[in-house]
Amino acid sequence: MTIQHLAVFITLLAACSPDDDAGTNAGGGAAGGAGDGVFVPDGCEEEAVLDVYSEGLSRDGDGGLVKVTLSIATPGPPDKGENRWTVRVEDAGGQAIADATVFVRPFMEVHGHTSNPAQFAGDAQGDGSYLVGPFILGMAGRWDITIDVTLPDGGTDAVVFRFCAWG
Ligand SMILES: [Cu+2]
């Protein structure tokens, strides 16, 4: 192998490494030479705190006033880059709340930063569903995504979904 060939080879390795870091160790083991080659983004080490995405994932509000359902996330599961969510808001009895104010607020706890901007307003669809986004998760890692709900009577509640953006 000549010096020129070596340089090209190293360049190719460098160009490939971000893809290799995207959640699996496919092809990464031989090039990396360290550990088992599995790259886990910051904050994603503790699987127990992460939500497992599926359409219709729902959670009761911390304040007991609402139930919020992540009807569909695009991409699903959520990932680095542009995300669009449809969320559904119901009261504790399961009745859709069509005229709430909804904000989605992504926070990366492990790095102590928000998204930019810090929150995204939901666009009410009139049936209890709210479209949010596109909102950008700027980097791989664990994002704690709070959905803040303000009810027509002024009551507030919130749920948090936690996802690993593998990048
Ligand atoms: Cu970060």
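Of the 167 residues in the protein chain of this predicted model, 25% count as buried. Contacts reach across the sequence. Among those in the protein chain with a separation of 6 or more, 58% link residues 24 or more positions apart.

**Confidence**

The mean pLDDT of the protein chain is 85. A share of 78% of its residues reach 70 or more. Residues 1-34 need separate treatment. Over that stretch pLDDT stays under 50. The model has 15 contacts beyond four places in sequence for residues 1-34. Where pLDDT is low, predicted coordinates should not be read in detail.

**Layout**

The protein chain holds two helices and ten strands. Along the sequence the pattern is α-α-β-β-β-β-β-β-β-β-β-β. Five strands make an open sheet in the order β1-β2-β3-β8-β7, and their pairing is antiparallel. β1 and β7 are the edge strands of this sheet, each paired on one side only.

**Strand pairs and hairpins**

Three pairs can be set side by side.

| Pair | Bridges | Residues between the strands |
|---|---|---|
| β1 and β2 | four, antiparallel | five |
| β2 and β3 | eight, antiparallel | six |
| β9 and β10 | ten, antiparallel | five |

Start with β1, residues 57-60, and β2, residues 66-74. R59 stands opposite V68 in β2. The hairpin of β1 and β2 includes G64, whose phi is positive, near 75 degrees.

β2 also pairs with β3, residues 81-91. Here T69 stands opposite R88 in β3. The loop between β2 and β3 contains P75 and P77. Both prolines follow a cis peptide bond. T74 and P75 are joined by one, with omega about 0 degrees. G76 and P77 are joined by another, again with omega about 0 degrees.

In the pair of β9 and β10, R142 has C164 in β10 as its bridge partner. The hairpin of β9 and β10 includes G154, with a positive phi near 95 degrees.

How do these backbone values compare with the general pattern? Most residues other than glycine have a negative phi, and most peptide bonds are trans. The two positive phi values above belong to G64 and G154. The cis bonds lead into P75 and P77.

**The nonpolar core**

The largest nonpolar core has 27 residues. V68, V87, V89, V102, I147 and V149 touch the most other members. Six strands each supply at least two residues of this core: β2, β3, β4 (101-108), β8 (129-137), β9 (141-150) and β10 (156-165). β10 gives the most, with five residues. In soluble globular proteins, nonpolar side chains tend to be buried together.

V102 gives a closer view. Not counting residues up to four places away in sequence, V102 touches V87, V89, G122, Y130, I147 and V149. Of those partners, V87, V89, I147 and V149 are also named among the core residues that touch the most other members.

**Two loop glycines**

G122 and G94 both sit in loops. G122 is in the loop between β6 (120-121) and β7 (123-124). G94 is in the loop between β3 and β4.

Which of them is buried, and which exposed? G122 counts as buried because it has 22 C-beta neighbours inside 10 Å, and the cut-off for buried is 20 or more. G94 counts as exposed because it has 7 such neighbours inside 10 Å, and the cut-off for exposed is 12 or fewer.

What does G122 contact? Leaving aside neighbours within four places in sequence, G122 is in contact with V87, V102, F103, V104, Y130, L131 and V132. The contact with V102 also appears in the list for V102.

Each glycine also has a C-alpha distance to a residue far along the chain. For G122 and V149, 27 residues apart along the chain, the C-alpha atoms are separated by 9.7 Å. For G94 and V66, 28 residues apart along the chain, the separation is 8.4 Å.

Methods:
Residues are numbered from 1 along each chain as its sequence is written. This is a predicted model: local features need pLDDT of at least 70, side-chain atom pairs count only at pLDDT 80 or more; totals for chains, interfaces and linings use all residues. Two residues are in contact if their C-beta atoms, placed from the backbone, lie within 7 Å. Two strands pair if DSSP finds at least two bridges between them. A nonpolar core is a set of buried Ala, Val, Leu, Ile, Met, Phe, Trp, Tyr and Cys residues joined through C-beta atoms within 7 Å. pLDDT is the predictor's confidence in each residue, from 0 to 100.
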